[in-house]
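Open your viewer and get ready to look inside the protein. This tour goes from one enclosed space to the next.

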Amino acid sequence: MAKKHFCYLILAIIITSCSTNPYKTTEKAYDQQLKTLENQITSKEAQPIPAVSPVVIDTTYAQQLGIIKDTLSKTGSTALLNGINTEWIGTVNFNLRKPSFIIIHHTAQDSVQQTINTFTKTKTQVSAHYIISENGKVVQMLNDYLRAWHAGASTWGKNTDLNSSSIGIELDNNGFKPFTEAQISSLVALLTKLKKDYNIPTQNILGHADIAPGRKQDPSALFPWKTLAEKGFGIWPDEILEEAPFDFKIEPALRIIGYNTKNLTAAIQAFKLHYIQTDATSVLDRKTIDTIYSIYKKQLQ
């Protein structure tokens, strides 16, 4: 009798294993779309950077892009703490994540090669999507859709993980010298492409110091934020500042702009490093207050 029951059990298992997978069609569609996305993020073809008038791009360098290969894979069953195992059924409605911020850095190193060496060593635990050299050469080190480790502990508004939502651009500069025209030309061209590709809001093009007040100072006070803002990359205060109202509150205004104000002094310094530049102290003089008010109003628009 037991032998008969055992035979029935074996037969049931065979029938079950041979039954048609109800998700066979969608699994096939999933695999095809996954393959398309994998091809998209593993392409090593150089991508052209558009020329932007009136900026003249040195195409000898600005169009040279390289990318390190990345891969995608399907997810299998995962054991949960309550003993339940997840079941994998692929959806047919998905795509790659889209970046919504661009964070600009200076490398604080001596050369592009030194920075590349830093980004290709596991022990450093740091990376960025792009590096731009002093002569305008652009090196891409990670696909835009993937998460680089450039922002670290950072905050902008309610976003507490900028690495997951941003593209990191490193400019070859030690933090004490002006940025070159060729470098800024390539940056403007690259920003033009990225902003268009991912529909990145103008006000979401920021510096490392903006998202990590007190911890970071890059890009330095020599970075031409005003020039970038004039070309549509970031915002800039009005040329003639409107006087802030008597009851204007600095701390909530900086918080609404996006700054982490837990250390208000550091937040004020980071704001001034970006928008005043000639004075990056925490002093709240009339110009600083009115500049904060100007940016506050633009952020609300």
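A cavity here is a set of grid points where a 1.4 Å probe fits but cannot get out. Its volume is the space filled by probe spheres set on those points. Keep in mind that this is a predicted model.

How many cavities of 30 Å³ or more does the structure hold? There are 2.

**Stop one: the second largest cavity.** This cavity holds about 30 Å³ of space. Select Gly207, Ala209, Asp210, Asp218, Pro219, Trp225, Ala270, Leu273 and His274 to show its lining. Now color by secondary structure. Helix 6 (208-211) and helix 9 each supply at least two lining residues. Which element gives the largest share? Helix 9 does, with 3 residues. By character, the lining divides into 5 nonpolar, 2 polar and 2 charged residues.

**Stop two: the largest cavity.** Its volume is about 60 Å³. Start the selection with Trp156, Thr202, Gln203, Ile205 and Leu206, which are among the lining residues. Add Gly234, Ile235, Ile257, His274, Tyr275 and Gln299 to complete the lining. Next, highlight strand 5 (205-207) and helix 9 (264-275): each supplies at least two residues of this lining. What is the make-up of the wall here? The lining has 6 nonpolar and 5 polar residues, and no charged ones.

**Last stop: His274.** Select this residue alone. His274 lines the largest cavity, and His274 also lines the second largest. Then show helix 9 once more. Helix 9 supplies at least two lining residues to the largest cavity and at least two to the second largest.

Notes: Residues numbered from 1 in each chain as written. Predicted model: local features only at pLDDT ≥ 70, side-chain atom pairs only at ≥ 80, totals over all residues. Heavy atoms only, no water. 1 Å grid on protein atoms, 1.4 Å probe; cavity = no way out; pocket = protein on both sides within 12 Å on 5 of 7 lines; lining within 4 Å. Helix = DSSP H or I, 4+ residues; strand = E, 2+ residues; numbered from the N terminus. Nonpolar A, V, L, I, M, F, W, Y, C, P; charged D, E, K, R; others polar.
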